[in-house]
Amino acid sequence: MNNYYDIVVVGSGPAGLGAAFGLLGADLAKIGLAKVGRPEPSLLLLDKNEVSSGGLRNDCKMNFSWPIGFPEACWTKDQAEAYLGRVEAFLSPVILEKRNLDLYSKRAEKLGVSLLSIRQSHLGTDGGLELIGRLTAKLKGLGAELVLGEKMLSLDAKKKILITDKREIQYRDLVLAPGRGGFAFLQGIMNGADIPYRDNVVDIGVRVETKEERYPIVKDYYDPKFLFPKKTRTFCTNSRSAYVVQERYGEPETGYWYSVNGHAWSTSRPANGLVNFALLKTVTLTAPLASGQAFARMLGMQAALLGGGRPIMQRIGDFKLGKRSFSESFLGDLYDFEPTLPSCTPGDIGLSAPAKILNALWNGMKLLDSIVPGLLHPSTIMYYPEIKLYANRPAYIDGHFRSAEGLYLAGDGAGTSRGITAAWASGLRVADGILEARFA
Ligand SMILES: Cc1cc2nc3c(=O)[nH]c(=O)nc-3n(C[C@H](O)[C@H](O)[C@H](O)COP(=O)(O)OP(=O)(O)OC[C@H]3O[C@@H](n4cnc5c(N)ncnc54)[C@H](O)[C@@H]3O)c2cc1C
C-alpha cells in the first residue's frame, strides 16, 4: 500500500467521480504534478464501503436543469448550467420525454404552485449499477487507483496527512466528498482543521406512496417538481417499479435514527404499479439552535421512539380522521395495496412531527391533490420521517470549494449539491480549482 499520492479523493460517489474524471481527463503534466518529483502523477480514490459509487447506486434519476440539485448559496445559474453541460457531455444520458405539462402547470399556477420543467434521465437502481461498472473500468484505465473498504478516520491538515483504518497517507491535494452519510464525519474534520462552517438548514418531510393510477402525472413526467408555498416541494419521484427504503443514521454511542427514501428499478424489471415521492419542507434554523444536524437527529430519534425503533407509516384515511394506523387495520377494503416498506410501524405522524412542519406538508398534499386529483385517496401512505442532511456550509476560501491549502470539499456532505448531477458538477469545479492552483 502506498503512503503518498498527489491527489486523494475520499468518497466514490458522483462528487468524487466528478473530481477524479475532471482531473484525469485533463492533461496532468500541465497541472504541475510532475513537479513533485514523481515519474507519474498519482490519484487515489478511496471509499469506506466494500462496494460503492455512493449515490449512483440509488435509482439514478439525473436532473439536467437549474436549479435542481444546486444550492443557490454557492452556485449561480450560469455557473451551474456551464458545469451541467460538461456533466451531460460526459455521461451522455437519454433525456426523458414530458407530455401534458401545460395542463398541470395551469392548474398549479391558479393555486400559487409552480411546476418546474426539468430535463431528466432515469437509469433505475440496476441501470445505475451498470453505469458504475463502466465508470470504474474507465477510471482505472485512466490510471487512478480505486480502493474500496478503507475508511478515512481523521486528518492532519497542516502536515497534509490523512489517517485511514489501514494506513497514513500523505497527499498534496485532498478532495473530501463523503456525501450526506458523511455529514458528521465532515463536521469532525472541519472542527479539527479549524474550518468554520454553518449547518442551519435541513429538509424534513414524508415519503408518499400510492398507486400510479392515483398520481398519473408520472406517466407524463417521470419526476415532477412542484414548488408549494411555505418552502415545501416534491422531490425524488419513483414509479413503475418503485420501492420505499430505510436509511440508518447515527452512531452506536449516541443511538440510531432512521430516514425513509425511495428508488425504482429500470424498465427491465417487472412493474408493481406504485409510485413514491418525497414531500419536503426546508427549515432554516436561527440562534440559539443553529444546527440542522442536531434538529434532524432530535426529530429522527423522536420518530424512532414512537415507532419502536422504526420509521412510522400512516394511511391518509386514518390521518384525515386524526387516527393512528394499526397493523391490523392497515390492509383490506379501501387500503388496497401493501406498503413496500412493511417493516415501518403503523402509527400517528401527527404525534411525532412538529405542527409547523406537518401543516406545511399537509397543505402541500391538499394542493397537489387539486392539481393531480386522486392523491388523497384513503389508501395513500405517508412514511415519516424523510430527512435530508446536506446543509454543512463550510467557509470556502475560493470559488472552487477550497477550505484550506490543498483541501477541497465537494458534494452533498459539504453543502455544494443536493443530487447526482450537481454533486458531479461540484467535483468538476473542485478539479478545475486544483488544475488552476497547480498550473498557475
Ligand atoms: C435512496 C436514495 C435515492 C436517491 N435517488 C436519487 C436520484 O434518483 N437522483 C438524484 O439526483 N439523487 C438521488 N439521491 C441523492 C444522491 O444519491 C446524492 O445527491 C448524491 O449521491 C451525492 O453525491 P456525493 O458524491 O456527494 O455523495 P455520495 O454519493 O453519498 O457518496 C459519498 C461516498 O463517500 C463514502 N464515504 C463517506 N465517508 C467516508 C469515509 N470516512 N472514508 C471513506 N469513504 C467515505 C461513502 O461510502 C460514499 O460512497 C438519492 C439518495 C438516496 C439515499
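Which strands does helix α6 (residues 292-306) lie across, and at about what angle does α6 run to β19? In this predicted model, helix α6 lies across β11 (201-211), β17 and β19, and the direction of α6 is at about 150° to that of β19. The sections below begin with the domains and then turn to the sheet, the ligand and some individual residues.

## Two domains and their contact

The domain assignment divides the protein chain into domain 1, made of residues 4-96 + 122-197 + 391-439, and domain 2, which covers residues 201-388. Taken over C-alpha atoms, the centres of domain 1 and domain 2 are separated by 30 Å.

Where the domains meet, 14 residues of domain 1 are in contact with 14 residues of domain 2. On the side of domain 1 that touches domain 2, α4 (124-141) and α5 (183-192) each supply at least two residues, and the largest share, 4 residues, comes from α4. By class, the residues on this side of domain 1 divide into 6 nonpolar, 5 polar and 3 charged.

## The open sheet of eight strands

An open sheet of 8 strands, with mixed pairing, has the order β4-β12-β13-β16-β11-β19-β17-β18. Because β4 (114-116) and β18 (345-346) stand at the edges with a single partner strand each, one side of each is left without a neighbour in the sheet.

Strand β11 pairs on both sides, and its residue isoleucine 204 has a bridge partner in β16 as well as in β19. With strand β16 (residues 274-284), β11 runs antiparallel and is joined by 11 bridges, and there isoleucine 204 is partnered by lysine 281. With β19, the pairing of β11 is again in the antiparallel sense, over 6 bridges, and the partner of isoleucine 204 in that strand is isoleucine 387. Of the 11 residues of β11, 10 are buried, so the strand is largely enclosed by the rest of the structure.

Strand β19 (residues 381-388) also pairs with strand β17 (residues 312-315), in the antiparallel sense and over 4 bridges. Within this pair, glutamine 314 stands opposite methionine 382 of β19.

## A helix across the edge strand

Besides α6, another helix lies across strands of the sheet: helix α3 (residues 101-110) lies across β4 and β12 (225-228), and α3 runs at about 150° to β4.

## Around the ligand

The ligand is surrounded by 43 residues, of which the closest are Gly13, Gly54, Gly55, Gly179 and Gly411. Two or more residues of this shell are given by each of the elements α1 (14-24), β2 (43-47), β3 (61-63), β14 (242-251), β15 (255-264) and α9 (420-439).

Both domains take part in surrounding the ligand, since the shell draws at least three residues from domain 1 and at least three from domain 2. Sorted by class, the shell has 14 nonpolar, 20 polar and 9 charged residues.

## Cis peptide bonds and positive phi angles

Two peptide bonds that precede prolines deserve a careful look. A cis peptide bond, with omega of about 10°, joins alanine 287 and proline 288, and proline 288 has its place in the loop between β16 and α6. A cis peptide bond also joins tyrosine 384 and proline 385, with omega of about 0°, and proline 385 lies in strand β19.

Serine 92 is not a glycine, yet it has a positive phi of about 45°; serine 92 is found in the loop between α2 (77-91) and α3, and it is exposed, with 7 other C-beta atoms within 10 Å. Aspartate 333, likewise not a glycine, has a positive phi of about 50°. Aspartate 333 lies in the loop between α7 (316-320) and β18, and with 9 C-beta neighbours inside 10 Å it counts as exposed.

## Glutamate 88 and its surroundings

Glutamate 88 is found in helix α2. Is glutamate 88 buried, exposed or partly exposed? With 17 other C-beta atoms within 10 Å, glutamate 88 is partly exposed, because a buried residue needs 20 or more such atoms and an exposed one has 12 or fewer.

Leaving aside neighbours within four places in sequence, glutamate 88 is in contact with Phe64 and Pro93. Glycine 364, by comparison, is 276 residues from glutamate 88 in sequence and 32 Å from it in space, C-alpha to C-alpha.

Notes: Residues are numbered from 1 along each chain as its sequence is written. This is a predicted model: local features need pLDDT of at least 70, side-chain atom pairs count only at pLDDT 80 or more; totals for chains, interfaces and linings use all residues. A residue is near a molecule or strand if its C-beta atom, placed from the backbone, lies within 6 Å of it. Ala, Val, Leu, Ile, Met, Phe, Trp, Tyr, Cys and Pro count as nonpolar, Asp, Glu, Lys and Arg as charged, and the others, Gly among them, as polar. Domain bounds come from an automatic or database domain assignment. Two strands pair if DSSP finds at least two bridges between them. Two residues are in contact if their C-beta atoms, placed from the backbone, lie within 7 Å. Axes are lines fitted to C-alpha atoms, for helices over the stretch in contact, and angles run from 0 to 180 degrees between N-to-C directions.
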